[in-house]
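Visitor: I would like to go through this structure with you, one question at a time, with the reasoning spelled out.

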Amino acid sequence: MSAGSDADPSVIRAVPSLRSGDPWYSAAGSVDPSGRESPGDGRSWAVFPLRTQGHLRGVLWLGFDDVEGVAFGFGDEVRRFLESVAQQCALALGRVAATAAEHEAAVKLQQALLPRRFPAIDGVAAAARYLASSEGLSVGGDWYDIVSRQSARAVAVIGDVVGHDLAAAASMGQLRSAVSAIAVEAEGPADALQRLDAFPGGETIGFATVCYVDYDGRHHDLRYACAGHPPPVLLPPEGSAVLLGEGRSKPLFAVTGVVRREARLRVDAGSRLVLFTDGLIERGDRSMADGLDELIRVCEKHRGLALPEFTDAVLGDLTRGTSLADDVALLCLSLGA
């Protein structure tokens, strides 16, 4: 028995079932329903159009070799079996098509909730990328944003709301709006996270992780805080990339009474800051520490690229050939450029 690639292409062109929707059987040496000789090389053929919901999803064709000169026959029992197999194949293809459509809709919804452009801020350039998970209907809570405080002061935020459904996407939209409003008035990252703890919609979100950065380009002053979120990577114009592991506290809305911390440092003009969600580095076959080490190596490897190309290269190196179980958000900044 053979299928697909072993069949004579004339079988596909000649099979009436593709037009009628019915299975087509042809024993070796017989005549097909259109009156033509059976195509092929003496084998018996069974061809099934795979249809679901009125759509032709594909074609299953099977070729049966003669055994000791006896042509393969298609009795009622054999036909019922083959048609049952074809029906299962059609249903499987239908599920694949439906899953692909659902995944595309989920990705479009997620992307619609993310900013399409960032405000112009003196001395700050930004590039962001979002990559959907490989799951079917998986709407993640990954997000990012940049808020302008003054002409040369920027707040950059990246976060992840726990969950992979429409509720997570809705919560992400709420949280992003809250951050945009709070960032304008907050004294710094710790104060911003403290205000988010009191966000009225927090009890419905569950919990979320956030990395909040406040950069003053006039003084090259960087303040940051991470609420349960992976630490950002700082890539100076010269020297090794480093993880900014200070200023850490628990995720938002997880527990009450959390004291929010922040860290502060001066950065050299031309430095790059890489903010990301955990989907970029987490894999089932390695630890998060190993993922962070790889991220640092990749950032250093591509440091000579312009910011958009740098962002694409980092994302590509860390996700290429990987079936993503989680969404990925990546926000790269050039500071003092």
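**Salt bridges and a threonine in a loop**

Guide: With a relative accessibility of 35%, Arg 195 is classed as partly exposed. Please keep in mind as we go on that this is a predicted model.

Visitor: With which residue do the side chains of Arg 195 meet in a salt bridge?

Guide: Arg 195 belongs to helix α5, and its partner lies in the loop between α4 (166-183) and α5 (189-197), so the pair ties together parts that are ten residues apart in sequence. The partner is exposed, having a relative accessible area of 57%. The N to O distance in this salt bridge is 3.7 Å, and the residue that Arg 195 meets is Glu 185.

Visitor: Asp 197 forms a salt bridge with Arg 260; how many residues apart are the two?

Guide: In this salt bridge the closest N and O atoms of Asp 197 and Arg 260 are 2.8 Å apart. Asp 197 sits in helix α5, while Arg 260 sits in the loop between β12 (248-249) and β13 (263-266), and the pair links distant parts of the chain, with a separation of 63 residues.

Visitor: Is Arg 260 buried or exposed?

Guide: Its partner Asp 197 counts as partly exposed at 26% relative accessibility. A residue is called buried when its relative accessible area is under 20%. Arg 260 has a relative accessible area of 6% and is therefore buried.

Visitor: Asp 312 forms a salt bridge with Arg 129; how far apart in sequence are the parts that this pair ties together?

Guide: The closest N and O atoms of Asp 312 and Arg 129 are 2.5 Å apart. Asp 312 lies in helix α8 (residues 307-319) and Arg 129 in strand β5 (residues 124-131), so the parts tied together are separated in sequence by 183 residues.

Visitor: How many salt bridges does a search of the whole structure find?

Guide: Some of the residues are linked in a network of salt bridges, namely Arg 149, Arg 153 and Asp 214. For the whole structure, the number of salt bridges found is 13.

Visitor: Which residue has its backbone nitrogen 2.9 Å from a polar atom of the side chain of Thr 277?

Guide: Thr 277 is placed in the loop between β14 (271-276) and α7 (288-301), and Thr 277 is buried, with a relative accessible area of 0%. Beyond its neighbours within four places in sequence, Thr 277 is in contact with several residues, including Asp 142, His 229, Asp 327 and Val 328. The backbone nitrogen lying 2.9 Å from a polar atom of the Thr 277 side chain is that of Ala 329.

Key:
Residues are numbered from 1 along each chain as its sequence is written. This is a predicted model: local features need pLDDT of at least 70, side-chain atom pairs count only at pLDDT 80 or more; totals for chains, interfaces and linings use all residues. Side-chain values use heavy atoms; hydrogens and water are left out. Helices (H or I, at least four residues) and strands (E, at least two) are DSSP runs, numbered from the N terminus. Buried means under 20% relative accessible area, exposed over 50%, partly exposed in between (1.4 Å probe, protein chains only). A polar contact is a pair of N or O atoms within 3.5 Å; within protein, one must be able to donate a hydrogen and the other to accept it, and residues adjacent in sequence count only if both atoms are side-chain atoms. Contact means heavy atoms within 4.5 Å. A salt bridge is a side-chain nitrogen of Lys or Arg within 4 Å of a carboxyl oxygen of Asp or Glu.
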